[in-house]
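Colleague: I'm still new to reading structures, and I'd like a close look at one part of this one. Please pick a spot, start there and work outwards slowly, telling me what sits next to what.

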Amino acid sequence: MVETLSIAVIGAPVVGKTSIIRQFIYNDFSETYTPTRSRYVYRPSVILNRNMYELKILDVPPISSFPSSGDQLREWLDLRCRGVRNANAYILVYDICCVESFEYVKMIRQQIVENREGSSSEVPILVVGNKRDLQRQRFMPRRAVSVLVKKTWKCGYVECSAKFNWHVVLLFKELLGIAVARGMRQNHTSIRLQGALQRNRCTIM
């Protein structure tokens with residue numbers, strides 16, 4: 001039995017969502033920026049504490065708002081939002097050099113809390129500050145952001161550099177650990193590996 005966990009990766013344009021995902025799965029980074037215009041699904045397998053998990057990672061294009069519980073029609077009509085509201089966990093990415101991208105994450109996080117069933121503590125949310133390699137250009141000290149996210153928002157917090165593959169595996173390990181610990185096991189499906197151990201799609205964390 002392989003457990004499946006759905007993870008939605010959300011953020012403003014140019015923050016590096018896709019770069020983080022591709023570094024994690026393929027150990028690949030492109031200097032050329034390609035806007036994410038449609039939702040893309042990645043299905044890597046990971047091993048954590050001797051247990052295998054099939055991840056369904058949703059690379060979500062920038063959305064104006066998180067789909068509300070009463071707006072199911074939007075989820076079906078707008079392919080960008082399909083599966084987002086029912087994800088098991090969320091990675092909210094911002095650029096540590098761009099305050100606007102942090103405000104976007106702040107808005108989306110609040111809407112997730114308001115529109116998901118149950119309390120925010122039941123929905124694992126990891127806020128990720130990307131572009132740590134541009135540390136000197138950041139808009140706010142790391143400690144200040146970390147305290148705000150962890151103490152006030154009650155979310156996990158990790159900084160990474162998708163460009164240099166720094167803390168990329170760590171952030172997925174952190175989120176998966178939180179999700180498993182909180183029992184977010186909503187989709188129990190028996191899955192054949194079907195090549196999941198090939199093409200760098202299986203990561204031991």
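Modeller: Let's start at R50, which counts as exposed with a relative accessibility of 84%. Before we go on, keep in mind that this is a predicted model. You'll find R50 in the loop between β3 (45-48) and β4. The backbone here deserves a second look: R50 has a positive phi of about 70 degrees, even though R50 isn't a glycine. Why point that out? Most residues other than glycine have a negative phi.

R50 has company in this turn. β3 and β4 form a hairpin with two residues between the strands, and in that hairpin N49 takes a positive phi near 55 degrees. On either side of the turn, the strands run antiparallel and pair over four bridges. One pairing you can pick out by eye is L48, whose bridge partner in β4 is N51.

Now follow β4 away from the turn. β4 covers residues 51-59 and also pairs with strand β1, this time in the parallel sense, over seven bridges. On the β1 side, look for V9: its bridge partner in β4 is D59. V9 has a partner in β5 as well, namely I91. That pairing belongs to a second parallel match, in which β1 and β5 (residues 89-95) are joined over five bridges.

What does that leave of β1 for the solvent? In strand β1 (residues 2-11), 10 of the 10 residues are buried, so the strand is largely enclosed by the rest of the structure. You can check this face by face. V2, T4, S6, A8 and I10 are buried on one side, and E3, L5, I7, V9 and G11 are buried on the other, which leaves both faces covered. To put that in context, 47% of the chain's 205 residues count as buried.

Next stop is helix α1, residues 17-26. Its buried residues are K17, I20, I21, Q23, F24 and I25. What does α1 meet? Its axis comes within 9 Å of the axis of helix α5 (residues 168-181), and the two cross at roughly 90 degrees. The two helices are therefore roughly perpendicular to each other. On the α1 side the contact is made by I20, Q23 and F24, and on the α5 side by V168, V169, L171 and F172. Sort those contact residues by type and you get six nonpolar, one polar and no charged.

Zoom in on two of them, F24 and F172. Their rings form a stacked aromatic pair, 4.0 Å centre to centre with 15 degrees between the planes. F24 belongs to α1 and F172 to α5, so this pair ties together parts that are 148 residues apart in sequence. Both F24 and F172 are buried. Links across long stretches of sequence show up elsewhere too: of the contacts between residues at least 6 apart in sequence, 70% join residues at least 24 apart.

Before leaving α1, look just past its end. N27 comes just after the helix and takes a positive phi of about 55 degrees, although N27 is not a glycine. N27 sits in the loop between α1 and β2 (40-42). Buried or exposed? N27 is exposed, with a relative accessible area of 57%.

For contrast, one last stop at a residue that is hidden away. V149 lies in helix α4 (residues 142-152), and V149 is buried, with a relative accessible area of 0%. Set aside the neighbours within four places in sequence, and V149 is in contact with F102, V127, K154, C155, G156 and Y157. K106 is 43 residues away along the chain, with 9.2 Å between its C-alpha atom and that of V149. Two names in that contact list, F102 and Y157, come back in an aromatic cluster that also takes in Y94, F139 and W153. Across the whole structure, a search finds nine aromatic pairs.

Now zoom out and place the parts we visited. The chain has five helices and nine strands. Read along the sequence, they follow the pattern β-α-β-β-β-α-β-α-β-α-β-α-β-β. Try finding the β3 and β4 hairpin in that pattern, with its two residues between the strands, and you're back where we began.

How values were computed: Residues are numbered from 1 along each chain as its sequence is written. This is a predicted model: local features need pLDDT of at least 70, side-chain atom pairs count only at pLDDT 80 or more; totals for chains, interfaces and linings use all residues. Side-chain values use heavy atoms; hydrogens and water are left out. Axes are lines fitted to C-alpha atoms, for helices over the stretch in contact, and angles run from 0 to 180 degrees between N-to-C directions. Angles under 35 degrees count as roughly parallel, over 145 as roughly antiparallel, 65 to 115 as roughly perpendicular and the rest as oblique. Contact means heavy atoms within 4.5 Å. Ala, Val, Leu, Ile, Met, Phe, Trp, Tyr, Cys and Pro count as nonpolar, Asp, Glu, Lys and Arg as charged, and the others, Gly among them, as polar. Rings of Phe, Tyr and Trp (its six-membered ring) pair if their centres lie within 6.5 Å; planes under 30 degrees apart count as stacked, over 60 as edge-to-face and the rest as tilted. Buried means under 20% relative accessible area, exposed over 50%, partly exposed in between (1.4 Å probe, protein chains only). Two strands pair if DSSP finds at least two bridges between them.
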